[in-house]
Amino acid sequence: MARIFMFDAYGTLFDVHSAVIRAGAPLGDKAQELSALWRQKQLEYSWVLTAMGRGGSADFWTLTERALDFAMARFGLGDPALRNALLDAYRVLDAFPDVAKVLGRLKSARHRTVVFTNGTHAMVKNAIAASRLGGYIDQVISVEQTGHFKPAMPVYAVASRLALADHPSDITFVSSNRWDIAGAFAAGFTPIWVNRTGLPDEYPGLPPLKIVPDLHGVD
């Protein structure tokens, strides 16, 4: 029986740190810290705006730009050319090495593959095209137009409806972000946590169905 496999994009399919790896040579020994802060602030801004009921005031690309501006300012960097290079690299983030093989296997088994993301459609479509994953993905669902970012409950309901699931539990939801797994569980999805970096578990009472070190364990 065909199943719906729904994947988060950033951190799950696409390596959010690959932009700095690709374009951040001028950062020197600041590269890793800047990349981590960039990601931290990107997510923080999405959560704060959603909590304030202002999630619709800026899309995820705008928050990505603002987060980079903060990170560069924090490290005393004001080079516009470097900023542009990092943003250009973020538009075409590298897919993790396991992504194409696993998505291909799911498609060969005639399962539906869906991407559900905080990112804008344009962001995700650029990343998919750059990684040549288009033939493996049936549908892209963005939180755009909902006025919220994950893990707000309304966005999971929208994703379930747009994915044409008979029931939320019919969706096997895959994410490397533990907070996203918690949201998916609360929404009734069947979540799998891809714990790529061996982090300790958190959010007791909102567990994944299983924990895997990479995408090869999702099916």
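# Notebook: V20, the core and the pocket

**V20.** I started at V20, which sits in helix 1 (residues 18-23). This is a predicted model, so I'm reading everything here as computed. Is V20 buried or exposed? With a relative accessibility of 5%, V20 is under the 20% cut-off, so I put it down as buried. Next I looked up what V20 touches once residues up to four places away in sequence are dropped: A25, L27, A31, L34, S35, W38 and L86. I also checked V20 against Y90: the two are 70 residues apart in sequence, yet their C-alpha atoms are 8.3 Å apart in space.

**Core.** L34 and W38 from that contact list turned up again when I pulled the largest nonpolar core. That core has 69 residues, and the ones with the most contacts inside it are M6, Y10, L34, W38, Y90, F116 and L215. Which helix gives the core its largest share? I found helix 3 (residues 60-74), with 7 residues.

I then followed L215 outwards. Ignoring neighbours within four places in sequence, L215 is in contact with F7, T12, L13, D98, V99, V102, V174, V194 and R196.

**Helix 5.** V99 and V102 led me to helix 5 (residues 99-108), where the buried residues are V99, V102, L103, G104 and L106. A reminder to self: an α-helix makes a turn every 3.6 residues, so positions three or four apart point the same way. What do the buried residues of helix 5 pack against? I got strand 1 (4-7) and strand 2 (112-117). Just after helix 5 comes R110, with a positive phi near 65 degrees.

**Pocket.** On to empty space. Rolling a water-sized probe over the atoms shows where it is left. I get about 620 Å³ for the largest pocket. Its lining runs to 24 residues, with H17, S176, N177, T197 and L199 lying nearest the centre. By type, I noted 12 nonpolar, 7 polar and 5 charged residues in that lining.

Where does the lining come from? Helix 2 (31-51), helix 8 (178-186) and strand 5 (190-194) each supply at least two residues. Helix 2 has the largest share, at 5 residues.

**Helix 8.** Since helix 8 contributes to the pocket lining, I looked at how covered it is. Of its 9 residues, 7 are buried, so I wrote "mostly covered". Those buried residues are R178, W179, D180, I181, A182, G183 and A184. I was curious what covers them, and the list includes helix 2, helix 7 (153-162), strand 4 (171-175) and strand 5. Helix 2 and strand 5 are therefore on both my lists, lining the pocket and covering helix 8. After helix 8 comes G188, and its phi is positive too, near 95 degrees.

**Whole chain.** Last, I zoomed out. I count 8 helices and 6 strands, and along the sequence they run β-α-α-α-α-α-β-α-β-α-β-α-β-β. The radius of gyration is 17 Å, close to the 17 Å the globule rule gives for 219 residues, so the protein is as compact as a globular protein of that length. Along the principal axes, the C-alpha atoms fill a box of roughly 55 × 40 × 35 Å.

How much of the protein is buried? I get 50% of the 219 residues. Taking contacts with a separation of 6 or more, 64% join residues 24 or more positions apart.

Notes
Residues are numbered from 1 along each chain as its sequence is written. This is a predicted model: local features need pLDDT of at least 70, side-chain atom pairs count only at pLDDT 80 or more; totals for chains, interfaces and linings use all residues. Side-chain values use heavy atoms; hydrogens and water are left out. A nonpolar core is a set of buried Ala, Val, Leu, Ile, Met, Phe, Trp, Tyr and Cys residues joined through side-chain atoms within 4.5 Å. Buried means under 20% relative accessible area, exposed over 50%, partly exposed in between (1.4 Å probe, protein chains only). Helices (H or I, at least four residues) and strands (E, at least two) are DSSP runs, numbered from the N terminus. Contact means heavy atoms within 4.5 Å. On a 1 Å grid over the protein atoms alone, a cavity is a set of points where a 1.4 Å probe fits but cannot get out, and a pocket is an open set with protein on both sides within 12 Å along at least five of seven lines; lining residues have an atom within 4 Å of a point. Grid points are joined across faces, edges and corners, and a volume is the space filled by probe spheres set on the points. Ala, Val, Leu, Ile, Met, Phe, Trp, Tyr, Cys and Pro count as nonpolar, Asp, Glu, Lys and Arg as charged, and the others, Gly among them, as polar. The radius of gyration is taken over C-alpha atoms; the globule rule is 2.2 Å times the number of residues to the power 0.38.
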